[in-house]
Each structure stands twice: as structure tokens, then as C-alpha cells.
There are 2 protein chains.
Amino acid sequence: MPLIVQKYGGTSVGNPTSIKNVASRVAKHRAQGDQIVVVVSAMSGVTDNLIKLAKEIMPLPSERELDMLLATGEQTAIALTAIALHSLDVKAVSLTGAQAGILTDGVHTKARIQNITPKQIHALLDDGNVVIVAGFQGQTPEGQITTLGRGGSDLTAIALTAALKADLCQIYTDVDGVYTADPRIVPGARKLGEISYDEMLELASLGAKVMQSRSVEFAKKFGVVFEVRSSLNDNPGTIVKEETQHMEDVVIRGVSLDKNQAKVTLVAVPDKPGVAAKIFQALGDAAINVDMIVQNVSHGAGTPATDISFTVDKPELPKASKVIESIRADTGYREVIADEKIGKLSIVGVGMKSHSGVAGKMFETLAREGINIGMISTSEIKISVVIDLAKGEQAMKAVHAAFLG
Amino acid sequence: MPLIVQKYGGTSVGNPTSIKNVASRVAKHRAQGDQIVVVVSAMSGVTDNLIKLAKEIMPLPSERELDMLLATGEQTAIALTAIALHSLDVKAVSLTGAQAGILTDGVHTKARIQNITPKQIHALLDDGNVVIVAGFQGQTPEGQITTLGRGGSDLTAIALTAALKADLCQIYTDVDGVYTADPRIVPGARKLGEISYDEMLELASLGAKVMQSRSVEFAKKFGVVFEVRSSLNDNPGTIVKEETQHMEDVVIRGVSLDKNQAKVTLVAVPDKPGVAAKIFQALGDAAINVDMIVQNVSHGAGTPATDISFTVDKPELPKASKVIESIRADTGYREVIADEKIGKLSIVGVGMKSHSGVAGKMFETLAREGINIGMISTSEIKISVVIDLAKGEQAMKAVHAAFLG
């Protein structure tokens with residue numbers, strides 16, 4: 001009997017009607033004889049509302065208590081999903097992350113899965129149940145409730161697929177699959193039939209919104225093939241898997257725009273060994289993920305000094321600013337400039353590494369549009385630039401037209 | 001160092017502002033050097049909203065999944081309360097019922113506390129924390145989330161007071177204490193300085209709204225003295241404790257009106273041994289609490305038949321009706337009449353048992369008001385009558401004036 005893990009995001013379980021739709025879809029699979037584990041996110045808007053409530057009480061709430069708070073969102077969704085399945089006469093039991101055997105480390109609000117003991121899930125499946133697992137959450141070996149950070153429900157689904165040795169993992173979302181660019185911004189964007197982990201990884205880390213990079217990394221590491229597809233129709237989605245030969249013919253797979261980054265620049269940092277390490281160790285200790293890092297050449301008279309810029313997720317900016325403030329004396333920089341009005345535009349494709357001139361074409365396209373480039377960073381299969389947020393969509397359209405139009 | 005357990009109800013933690021007020025009150029006690037365990041209910045309205053959501057999906061949702069759902073209400077409240085204490089620089093940690101070591105049986109939606117292992121609470125208290133425990137919930141030895149039913153948060157507070165051997169238990173609510181009658185209905189009602197467990201028990205079981213009877217029973221059993229007081233001011237409340245000598249001088253302690261009962265009458269039940277047992281065993285098996293039971297004398301020609309009436313909490317009526325329907329063939333009654341438009345008016349007082357004429361005075365008062373009595377039930381320290389809901393408040397005022405005016 002095939003075992004399928006299906007993950008439904010917040011918009012798919014946004015209200016009683018959509019929860020019933022999810023239940024119908026699950027029931028249809030179940031009627032075909034499949035065993036099914038369903039992973040659900042919190043109903044859309046719930047997590048944001050909880051965070052807003054907490055921040056009304058205290059601007060920087062304790063992360064341990066935030067986890068206690070946010071875990072209720074998914075717990076609500078699993079109970080309602082189980083009830084919706086019961087209403088269709090399908091046997092179903094919901095489990096919190098802790099009950100499902102998902103053990104994590106103790107880094108609250110962005111815990112990492114350490115281990116999954118799916119004993120309880122197997123027992124319930126064997127007993128003929130659809131098992132509904134709360135995404136995004138787990139517990140430490142000491143019994144503290146943790147959450148996995150943004151995109152945590154995808155991670156739950158992929159990790160469960162690996163732990164359960166399931167036959168299939170389906171990530172249901174509100175889009176049909178992975179596109180060459182966000183079709184809401186670029187009308188000519190096309191759906192991809194398949195994509196490699198690495199390309200998906202770059203798209204994910206670039207804010208393509210379909211998935212967070214951690215989940216894709218995890219899938220790559222454990223060889224979990226998964227499908228990104230829509231919960232609103234029966235169209236085939238995009239299969240994400242190991243790179244295959246014919247994929248390499250494609251130069252550029254997609255263009256993405258991340259509007260969720262903020263840029264921090266430390267001006268006039270003394271240019272001596274160990275200073276950069278201090279900065280990024282302090283950020284790492286605070287569990288803040290840094291994305292791009294750019295260090296410019298030294299400038300100024302007297303003691304050599306340099307500017308160091310980096311980007312973080314926008315919601316992390318207050319925390320990052322606090323960390324940077326706390327190491328001011330230790331690092332000796334002159335001032336900090338934070339900029340939330342940036343967009344990160346990226347092109348991604350495994351073929352890029354064997355084709356020269358891709359970067360040049362991208363920069364030239366932006367220049368023709370009169371768009372200034374603030375930061376550049378590249379990898380083997382992607383090129384990212386930081387630009388003015390207001391020009392983000394214009395830039396995305398132009399670059400998509402140049403490479404994929 | 002004195003250890004205090006304080007319980008705050010849903011209206012006391014109804015929004016961020018009131019949660020901050022609770023935190024200020026706790027912080028003030030903490031500053032006096034007390035160790036404090038805070039038990040909170042779900043924010044007012046939250047539990048009802050969750051039930052509504054579930055019923056939109058399915059009219060009779062699974063009780064196991066209801067518990068999964070409802071437990072999120074208190075979990076949200078404890079996290080926000082902890083954050084509010086942090087904002088006042090008070091060390092605080094929240095614990096779910098499970099984390100607090102509250103073990104229950106597996107009767108979902110009305111589980112009974114079996115055992116409390118407050119190891120974690122003691123450790124956190126010793127570490128200088130205010131410990132905030134989710135009321136109303138626990139877990140089974142197998143790790144299933146359970147809820148304790150109506151008034152469960154009071155029960156949590158009183159059971160924790162016993163398990164922790166705390167010095168004081170304060171039940172904070174939106175009234176100043178226990179009154180001779182509901183002051184919103186009877187303007188002449190007076191606050192009582194103290195009341196015995198038994199009287200409180202009768203008042204509680206009669207819907208005086210201050211507390212559910214299970215909590216008072218538990219307090220009586222374990223000798224937990226507690227104070228019912230307001231979270232809106234610093235007025236002394238009402239102390240609930242073992243009956244003392246001078247209490248007995250008082251004939252009537254209070255008058256209460258329960259609008260939350262429904263009456264079920266089985267018409268023409270064959271009057272033979274074992275029929276009543278069948279009915280109430282079936283209701284018991286379904287974990288439905290029956291309050292008043294009245295059986296009238298046999299009537300009719302041919303096979304002797306009788307009418308049996310009982311009352312249940314209004315929300316239990318659909319379930320009770322289903323149970324009664326399921327035993328129709330087995331018991332042979334002719335028809336069922338359900339009536340939600342009833343009120344149960346009661347007078348309570350330990351002195352009643354040594355004073356004759358109390359019942360007569362009550363019935364006469366009602367007769368003078370032209371109010372018909374549907375059912376009567378009495379105990380040593382109370383007399384209850386079921387009357388038309390529409391005349392409930394009129395009856396309450398008249399009876400209060402007659403005994404306590």
C-alpha cells in the first residue's frame with residue numbers, strides 16, 4: 001500500500017470551507033487505498049495575528065514563549081482537519097509535532113530537527129487512520145515546545161517522508177508549481193515540469209515564495225523527491241529531484257525577486273583580522289541567518305577601514321541591529337545604516353556555470369532600465385543583485401524577458 | 001517564602017491590556033517575595049470561537065480532536081502572560097498542562113485529574129521564576145491531550161495548590177466574591193466574608209457562575225482553603241473553607257438562578273424495575289452529567305407507566321437526546337419532551353437543616369408571585385425548583401427579599 005505525505009499550507013486550510021476541500025482531496029486518495037500522512041500549517045493569518053498579539057504586549061517577546069504561542073496555530077489546524085475527515089467518514093487522528101515524535105534542538109523559533117521517531121504515526125497508520133501532523137513544530141528532548149522557523153511545515157513534510165520511507169511527498173500550495181518567475185509579476189512566466197534540488201534551492205533562498213531553502217536542502221540530503229502542486233486544481237505540479245543530464249541544456253531556469261530582505265551596512269570598520277569574524281559570530285550566536293555579505297575595499301586616511309554590508313530577513317532586522325549595537329565597542333565601526341527598502345533579484349540555472357556572459361547580460365539589462373546595483377553575489381548556479389525595492393518588479397520583468405522571454 | 005497559586009479567568013486575560021494588568025498584579029506579589037504559580041484560562045471568547053469553528057465543519061466533532069483544539073486556547077494565554085511578565089522584568093516561564101505534570105484519565109472534554117507531578121514547577125520556582133500553568137488541560141499517561149471540562153481552570157488551580165502544598169489559593173474573577181445572590185439581578189445582594197465548602201458546592205452546582213462544583217469538591221476533599229476575589233480591584237474576597245460553628249447560625253446563605261439547564265421528560269415509561277437504571281446508566285456511559293431527577297407516580301390504565309424528568313447542562317442536550325433515542329426500544333417510553341426554557345432557582349444554607357419551614361416559605365413566596373413550580377429537589381442544605389426561564393429573575397428577587405432582604 002503506497003504511503004503518501006501531503007503537506008497543505010496556510011491558505012489551503014484558511015477557513016472551514018477550504019479545510020473541507022483539503023479533507024475531500026485526502027479522502028479521495030484514501031479511497032484509492034493509499035496510506036496518508038497529512039502535514040498542515042496554521043490557518044493563514046493566524047501566525048501573524050499571534051505575533052501581533054505578543055508584540056502588543058512586548059516588542060521583543062521571548063523566543064521560548066513565542067514558540068509556546070505559535071505552536072497553537074498548527075495545533076488548531078490539525079484538529080479541524082481531523083474533524084473534517086471524520087465528517088467524510090474517514091478515520092483520522094491528529095498529532096502535535098511532539099506527539100509525532102519530532103525531536104529538535106533547543107534553538108527556539110528556528111529549531112532544527114534532530115530526529116524523528118515515527119512509532120506513533122506507524123501505529124495509527126496500521127490502525128487504518130489518516131494521520132494529521134502539525135507542521136512547523138517539534139519538541140526538545142527535555143519537552144520544550146519548539147518551532148522550526150519560516151517554511152517549517154515543508155520541512156516537517158519532507159523530514160517525515162524520509163523518516164517514514166514514504167513513497168511520495170506532495171507539497172500543496174496556492175500555485176500550480178515552480179515558475180520561471182512569479183506569474184503575478186511577469187505575465188510570460190512558464191511552469192517548469194521539473195527542477196533540480198540545486199536550482200530549487202537557489203530559487204527558494206531567493207524568496208521565490210514556493211519553499212524555504214532549508215526544506216529543499218533537507219530533501220536533497222536525504223534524496224526525497226517531492227512535487228510542488230496546487231491544492232485548488234488537479235494539474236500536475238513541478239517535480240523536484242536530483243539534477244539529470246538534459247536539465248543542463250537550460251541556461252537559466254528562473255528569475256526571482258525577494259522583497260523580504262533588509263540590508264545592514266557597518267561603515268568604517270577597522271580593517272584588521274578578526275573583525276568580520278566577530279560580527280558574523282555574534283549574529284550566528286543570536287541565530288540570525290545572514291544571506292549576502294559584501295565587504296568593500298579599504299578607504300579613508302589613517303587607520304585602514306572598510307564597509308561591511310550584509311542582508312537578513314526583514315523581521316530579523318531589529319534583532320540584528322541589537323546584536324550589532326552590542327559589539328560596537330568591540331569592533332570599532334563608525335556607524336550602522338539599515339535599509340529595508342531593497343529587493344534581491346536573482347537568476348538561477350544549472351546551465352549557467354558552463355555558459356559565459358550570463359552576468360554581463362543581466363547587468364546590461366538592468367543598466368538599460370536605469371536600475372542601480374547595490375550589492376552583487378554569485379554562486380555556480382545563480383547571480384543575485386540587491387536593487388531599490390521600488391524598481392524590483394520592473395527589473396524582474398526585464399531580466400525575465402532577456403533570458404526567458 | 002510563601003507559595004501562592006493565583007488563577008485568572010478568561011475575562012481577566014481577555015486582551016493584551018488585561019493580560020498586562022494581571023502581570024502587574026503578579027509582579028506586585030512577586031516583589032513582596034512570594035513564590036507564585038499562575039493558572040490562566042483561555043482569553044474570553046476564544047474557547048467558544050474554537051467550538052464554533054469545529055461545529056462549522058461537523059456538528060458533533062470528535063471529543064479527542066476537540067481537546068486537541070481547545071487546549072490551544074489556554075496555551076495562547078500562558079505564553080502571552082509570560083511575555084507580559086517579562087515586559088515587567090519578572091522571570092517567568094509558561095507550562096502546558098502536560099508540561100506541568102498534570103496527568104488525567106482519558107475521558108476527553110471532561111477528563112479527571114489522576115495525579116500531579118509538580119517536579120518541573122518546583123524546579124522553575126526554585127530558579128526564581130513565576131510559573132504560568134495552562135488551566136483546563138492535562139494529558140493521559142499515553143500522551144493524549146485532554147481537557148477537564150467546564151470550570152477546569154479552577155480545578156487546575158486547586159489541584160496544584162494541593163499538590164504543591166501551597167500556602168494560599170486565590171481565584172481571581174470578575175466579581176468581588178460570593179454574594180447572597182447575583183448582584184446584577186438582585187440589587188440588595190451582599191458579599192459574604194466566608195462560606196463553607198458545602199454551601200459553595202450547592203451554589204456552584206446551582207450555576208452561581210462563580211465556580212463549578214467539581215473544583216469545590218476537590219478543595220473540600222483535600223482541605224484547600226481558597227479565596228474568590230476580583231482581578232479588577234484590591235477588595236478582600238470570600239474565603240471558602242470548612243464549615244465553622246458560627247456559620248450555622250445563618251439559615252440561608254444565598255439564592256442562585258441557573259439558566260444553563262435543560263429539562264428532558266420521558267413520557268409513559270413502563271413502570272417496572274430496572275428501567276430508570278437503564279436510562280441513567282446510558283447517560284452515564286456517555287459521560288453526561290445529570291443534575292435533577294424527578295419521577296412522578298404511575299398513571300394511566302393498563303400497564304403502569306410513569307414520567308421521568310431530568311435536567312442536564314444545556315450544551316449537553318443534543319447528546320442526551322441522542323442517548324435517549326438510542327434506548328427507546330429498550331425502555332419502551334412513549335415520547336420525549338425537551339425543554340430548554342427553564343431556570344433552576346435554589347436557596348442554600350447550612351443552617352437550613354435545623355430550621356423547619358424554609359421550603360414552605362420559598363414555595364409560598366413563588367406562589368404569591370404567580371410562578372409555577374415544575375420540579376423540586378432538595379438536599380440537607382439546599383432547595384431547588386425548576387421554573388419558567390422567563391420568570392427566573394423575578395423569582396430570584398422575590399426569594400432573596402423573603403430570606404435575605
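Biologist: What phi does Gly223(A) take, just after α7(A)?

Modeller: Helices here are DSSP runs of H or I with at least four residues, strands are runs of E with at least two, and both are numbered from the N terminus. Just past the end of α7(A), Gly223(A) has a positive phi of about 60°. Keep in mind that this is a predicted model, where local features need pLDDT of at least 70 and side-chain atom pairs count only at pLDDT 80 or more, while totals for chains, interfaces and linings use all residues. Residues are numbered from 1 along each chain as its sequence is written, and chains are lettered from A and ligands numbered from 1 in the order in which they are written.

Biologist: And α7(A) itself: how many of its residues are buried?

Modeller: A residue is buried with 20 or more other C-beta atoms (placed from the backbone) within 10 Å of its own, exposed with 12 or fewer, and partly exposed in between. Helix α7 of chain A spans residues 213–222, and 7 of its 10 residues are buried, so the helix is mostly covered. Among the buried ones are Arg214(A), Val216(A), Phe218(A) and Lys220(A).

Biologist: Why does Thr311(A) count as buried?

Modeller: Thr311(A) counts as buried because it has 28 C-beta neighbours inside 10 Å. You will find Thr311(A) in strand β16 of chain A, residues 305–313. Two residues are in contact if their C-beta atoms lie within 7 Å. Beyond its neighbours within four places in sequence, Thr311(A) is in contact with residues including Gln261(A), Asp291(A), Lys344(A) and Val386(A). Ile239(A) lies 72 residues from Thr311(A) in sequence, and their C-alpha atoms are 30 Å apart.

Biologist: Let's turn to the two chains. Which element gives the most to the side of chain B that touches chain A?

Modeller: First the totals: 28 residues of chain A are in contact with 27 residues of chain B. On the chain B side, α1 (16–31), α2 (46–57) and α3 (63–86) each give two or more residues. The most come from α3(B), with 13 residues. For classes, Ala, Val, Leu, Ile, Met, Phe, Trp, Tyr, Cys and Pro are nonpolar, Asp, Glu, Lys and Arg charged, and the others, Gly among them, polar. That side of chain B has 15 nonpolar, 9 polar and 3 charged residues.

Biologist: At what angle do α3(A) and α3(B) pack?

Modeller: Angles run from 0 to 180 degrees between N-to-C directions, with axes fitted to C-alpha atoms over the stretch in contact. Under 35 degrees is roughly parallel, over 145 roughly antiparallel, 65 to 115 roughly perpendicular, and the rest oblique. Helix α3 of chain A (residues 63–86) and α3(B) pack at about 165°, their axes 8 Å apart. The two helices are therefore roughly antiparallel. By class, their contact has 14 nonpolar, 6 polar and 2 charged residues.

Biologist: How is the packing of α1(A) and α2(B) described, by angle and by axes?

Modeller: Helix α1 of chain A (residues 16–31) packs on α2(B) at an angle of about 45°, with axes 9 Å apart. That makes α1(A) oblique to α2(B). Pro16(A), Ile19(A) and Lys20(A) meet Leu53(B), Glu56(B) and Ile57(B) there. The residues of this contact divide into 4 nonpolar, no polar and 2 charged.

Biologist: Within chain A, which residues make the contact of α2(A) with α3(A)?

Modeller: Helix α2 of chain A (residues 46–57) packs on α3(A) at about 155°, with axes 9 Å apart. They are therefore roughly antiparallel. Val46(A), Thr47(A), Leu50(A) and Ala54(A) of α2(A) touch Leu66(A), Leu69(A), Leu70(A), Gly73(A) and Thr76(A) of α3(A).
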